[in-house]
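Please walk me through this structure in connected prose, beginning with the vocabulary and moving from the overall fold to individual residues.

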Amino acid sequence: MVAEMQQSAGAQTVKALKNAAVSLVLLPRFLVAAVVLWFLDFLCIRKKVLLRMRDHEGGPDDPPVCISDSNRMFSLESLKAVWHGQKLDFFKSAHLGQRAPNTEVVQLKEQKTRVASQYADIADSLLVYIEEAHPSDGWASSDAPYQIPKHRCLEDRLKAAQLLNLEVPGCLVVADTMENSSNAAYGAYFERLYILKDEKVAYQGGRGPEGYSISELRSWLDQYRNSLENSITVVIHV
Ligand SMILES: *[C@@H]1O[C@H](CO)[C@@H](O)[C@H](O)[C@H]1NC(C)=O
């Protein structure tokens, strides 16, 4: 009994030490993000930064980052959300070139299955709806198209996913489980793009919103399509 208690105390100490080590590693990144959020609350700075970001966008595919003047960026809720996202990213198991985690997802009812049209010949599209980036009872944003509170149960999540399903008719939409296993494995929060090929991660987009680039995804797919066409040509020559 005593040995058992000592063992569990030992395990807890290891866990606490591990948590402390991770916090130390993540702290610089987190502080930078916090300072950026703080600066973004000065509207003149926010305007300049948003203009800059728009200039550096890859093309018409990428949704412009928009933050209304009334939305505060630096708050307890926003800091919690940023910390949560950075931790998920740190612990994710999906890494470029490595085996793609095959996480469980939940299918929506009454779904018309169609795949994203332009690349349907070379890729199937799947949208996994994860936890809300801007829940109305958390880091709320008036720029969000819907005001959705944090999902308390799968039912809540599926209802919200259904709204998304209406927004993106070209893509199969599923929902993350309430264990958030896809979100954790892929470090998906707030939003993220991946390409999986032969059960491996072939493309890993940056963490959204700033790292979310549809044009980058598109250029990967274009290159892939070209390489397929070229390899077909080679076969014909032989
Ligand atoms: C999954 O995410 C939801 C937020 O949508 C949260 O309420 C819940 O606690 C998370 N589940 C786990 C197991 O962390």
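Helices and strands are here DSSP runs, of at least four residues for a helix and at least two for a strand, numbered from the N terminus. With that convention, Glu-199 is found in the loop between E4 and E5, a place to which the text returns below. The model is a predicted one, and the geometry described here should be read with that in mind.

The protein chain contains six helices and five strands, and their order along the sequence follows the pattern α-α-α-β-β-α-β-α-β-β-α. Measured out along its principal axes, the C-alpha trace spans about 75 × 55 × 40 Å. Of the 238 residues, 13% count as buried, while among the contacts with a separation of 6 or more, 66% are accounted for by residues 24 or more positions apart.The part of the chain towards the N terminus can be taken next. The unreviewed UniProt entry lists residues 20-44 as "transmembrane region", and over these residues the chain of the model is 92% helix and 0% strand, with its end C-alpha atoms 37 Å apart. Helix H2 covers residues 43-55, and its 13 residues reach 18 Å from the first C-alpha to the last, close to the 18 Å expected at 1.5 Å a residue. This helix H2 is hardly covered, since the count of buried residues among its 13 residues is zero.

Helix H3 (76-91) is followed by a loop that leads to strand E1 (105-107), and His-95 lies in that loop. His-95 is partly exposed because 13 other C-beta atoms lie within 10 Å, a count that falls between the limits of 12 or fewer for exposed and 20 or more for buried. Although His-95 and Val-201 are 106 residues apart in sequence, their C-alpha atoms are 6.4 Å apart in space. Within helix H3 itself sits Lys-80, which counts as exposed because it has 12 C-beta neighbours inside 10 Å. The C-alpha atoms of Lys-80 and Trp-139 are 8.6 Å apart, with their positions 59 residues apart in sequence.

Which residues touch the most other members of the largest nonpolar core? In this core of 13 residues they are Tyr-129, Ile-130, Ala-161, Ala-188 and Tyr-189, and strand E3 (172-176) and helix H5 (181-186) each supply at least two residues of the core. In soluble globular proteins, nonpolar side chains tend to be buried together. If residues up to four places away in sequence are left out, Ile-130 touches Asp-176, Asn-180, Ser-182, Asn-183, Ala-188 and Tyr-189. Two of the residues in that list, Ala-188 and Tyr-189, are also among the core members that touch the most others.

One of the contacts of Ile-130, Asn-180, also belongs to the surroundings of the ligand, which consist of Glu-131, Lys-150, His-151, Met-178, Glu-179 and Asn-180. By character, the residues of this shell divide into one nonpolar, two polar and three charged.

The backbone has several features that deserve a separate look. Most residues other than glycine have a negative phi, and most peptide bonds are trans. Against that background, a cis peptide bond joins Tyr-189 and Phe-190, with omega about 0°; Tyr-189 is the core residue already named, and Phe-190 is found in the loop between H5 and strand E4 (194-197). The peptide bond from Gly-208 to Pro-209 is cis as well, with omega near 5°, and Pro-209 is found in the loop between strand E5 (200-204) and helix H6 (214-237).

The loop between E4 and E5 holds residues with positive phi. Asp-198 lies in this loop and has a positive phi of about 50° although it is not a glycine. Glu-199, found in the loop between E4 and E5, likewise has a positive phi, near 65°, and is a residue other than glycine. Are these residues buried or exposed? Asp-198 is exposed, because 7 other C-beta atoms lie within 10 Å, and Glu-199 counts as exposed because it has 10 C-beta neighbours inside 10 Å.

The path ends in helix H6, where Gln-223 has its place. Gln-223 is exposed, with 10 other C-beta atoms within 10 Å. From Gln-223 to Tyr-186 the distance in space is 24 Å, C-alpha to C-alpha, for a separation of 37 residues in sequence.

How values were computed: Residues numbered from 1 in each chain as written. Predicted model: local features only at pLDDT ≥ 70, side-chain atom pairs only at ≥ 80, totals over all residues. Core = buried A, V, L, I, M, F, W, Y, C linked by C-beta atoms within 7 Å. Contact = placed C-beta atoms within 7 Å. Expected span 1.5 Å × (residues − 1). UniProt positions renumbered as here; feature names shortened; annotations may be inferred. Near = placed C-beta within 6 Å. Nonpolar A, V, L, I, M, F, W, Y, C, P; charged D, E, K, R; others polar.
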